[in-house]
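Q: Please pick one helix in this model and look at it closely. Show me what lies around it, and then how it fits into the rest.

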Amino acid sequence: MSKFKRWLYSPRANDLAFAFAGLASAALLATGPLVRRVSPPPFEYSPVMGFVLVAVIVAASVFAAFIARLDNRNLDEYMFLLLAKSALIAIVTLIVAWALWTALFAGNLGDLPGAAMMPMVFLAWSAGYGYTRIRGTGPEA
Amino acid sequence: MNNRLKVLRAERNWSQAELGVRLDVSRQAVNAIETGKHDPSLPLAFRIARLFQMPIEEIFDDGHA
């Protein structure tokens with residue numbers, strides 16, 4: 001493994017990447033440039049749109065599985081489990097946050113813009129990474 | 001799961017980084033195992049046992065012995 005590749009898959013590089021992604025995402029969500037962006041008109045649902053969406057998701061999942069296999073090969077087991085557990089925390093965080101927003105805040109503050117999805121994903125993943133880094137990967141953590 | 005990794009490493013005057021190189025894992029992984037924040041997989045536990053030339057159960061204790 002080359003020196004650069006070793007650094008790329010090191011805990012320090014992951015710490016830096018998640019710290020940057022978390023801070024940048026929090027800043028984007030808090031300061032609102034995504035919300036001020038002019039929104040495109042809403043799409044009319046059509047079967048073609050649904051078919052394309054399903055196809056894109058299936059293709060993206062195949063790509064994601066390939067990336068996960070690369071990570072599994074190159075990261076040590078602690079780092080891979082750290083990333084996987086923090087991703088699980090992020091998914092649950094997103095589902096709960098979206099549901100809470102819709103139930104409690106959407107009436108007064110408006111629906112979440114679609115452009116907020118990416119920073120929400122990165123902020124939730126970074127928070128999960130930080131929690132898992134501090135508490136550990138075990139079942140008691 | 002409790003383990004004696006820190007003691008065994010100290011007996012050999014190895015740093016966490018040095019042990020990490022010998023086990024082909026990161027220093028952070030060694031630290032996480034020593035502090036009980038990560039339970040190693042079976043293959044890694046075997047590598048640790050081979051390195052210290054001891055049975056796995058003399059290094060790791062799952063509390064059911």
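A: Here is a walk along one helix, its neighbours and its wider setting.

This is a predicted model: local features need pLDDT of at least 70 and side-chain atom pairs pLDDT 80 or more, while totals for chains, interfaces and linings use all residues. Residues are numbered from 1 along each chain as its sequence is written, with chains lettered from A and ligands numbered from 1 in the order written.

Start with the frame. Chain A has 6 helices and 0 strands (DSSP runs: H or I of at least four residues for a helix, E of at least two for a strand, numbered from the N terminus). Its pattern along the sequence is α-α-α-α-α-α. The C-alpha trace of chain A spans about 50 × 35 × 30 Å along its principal axes.

Now the helix itself. Helix α5 of chain A covers residues 77–109. This helix has a kink of about 50°, centred on Thr102(A). The bend at a residue is the angle between axes fitted to the seven residues ending there and the seven starting there. After α5(A) comes Gly110(A). The phi of Gly110(A) is positive, near 95°.

Which residues of α5(A) are buried? They are Tyr78(A), Met79(A), Leu81(A), Leu82(A), Leu83(A), Ser86(A) and Ala90(A). Buried means 20 or more other C-beta atoms, placed from the backbone, within 10 Å of a residue's own; 12 or fewer is exposed, and in between is partly exposed. Several of these places can be read with one rule. An α-helix has 3.6 residues a turn, so residues three or four places apart point the same way. In chain A as a whole, buried residues make up 17% of the 141 residues.

What covers the buried residues of α5(A)? The cover includes α2, α4 (47–74) and α6 of chain A. It also includes α3 of chain B.

Take two of those neighbours, α2(A) and α6(A). Helix α2(A), residues 11–31, packs on helix α6(A), residues 117–135, with the axes 8 Å apart. Their angle is about 135°, so the two are oblique to each other (roughly parallel is under 35 degrees, roughly perpendicular 65 to 115, roughly antiparallel over 145, and the rest oblique). On the α2(A) side, the contact includes Phe18(A), Ala21(A) and Leu29(A). On the α6(A) side, Met120(A), Phe122(A) and Tyr129(A) are among the residues taking part. Contact means C-beta atoms, placed from the backbone, within 7 Å. By class, this contact has 11 nonpolar, 3 polar and no charged residues. Ala, Val, Leu, Ile, Met, Phe, Trp, Tyr, Cys and Pro count as nonpolar, Asp, Glu, Lys and Arg as charged, and the others, Gly among them, as polar.

Next, the other chain. In all, 10 residues of chain B are in contact with 10 residues of chain A. Helix α3(B), residues 27–34, gives the largest share of the chain B side, 3 residues. That side has 4 nonpolar, 4 polar and 2 charged residues. So α3(B) appears twice: it helps cover the buried residues of α5(A), and it leads the chain B side by share.

Last, the chain A start. Met1(A) sits in the segment before α1 (3–8) of chain A. Met1(A) is exposed, with 9 other C-beta atoms within 10 Å. Met1(A) and Asn74(A) are 73 residues apart in sequence. Yet their C-alpha atoms are 8.7 Å apart in space.

Notes. Two residues are in contact if their C-beta atoms, placed from the backbone, lie within 7 Å. Axes are lines fitted to C-alpha atoms, for helices over the stretch in contact, and angles run from 0 to 180 degrees between N-to-C directions.
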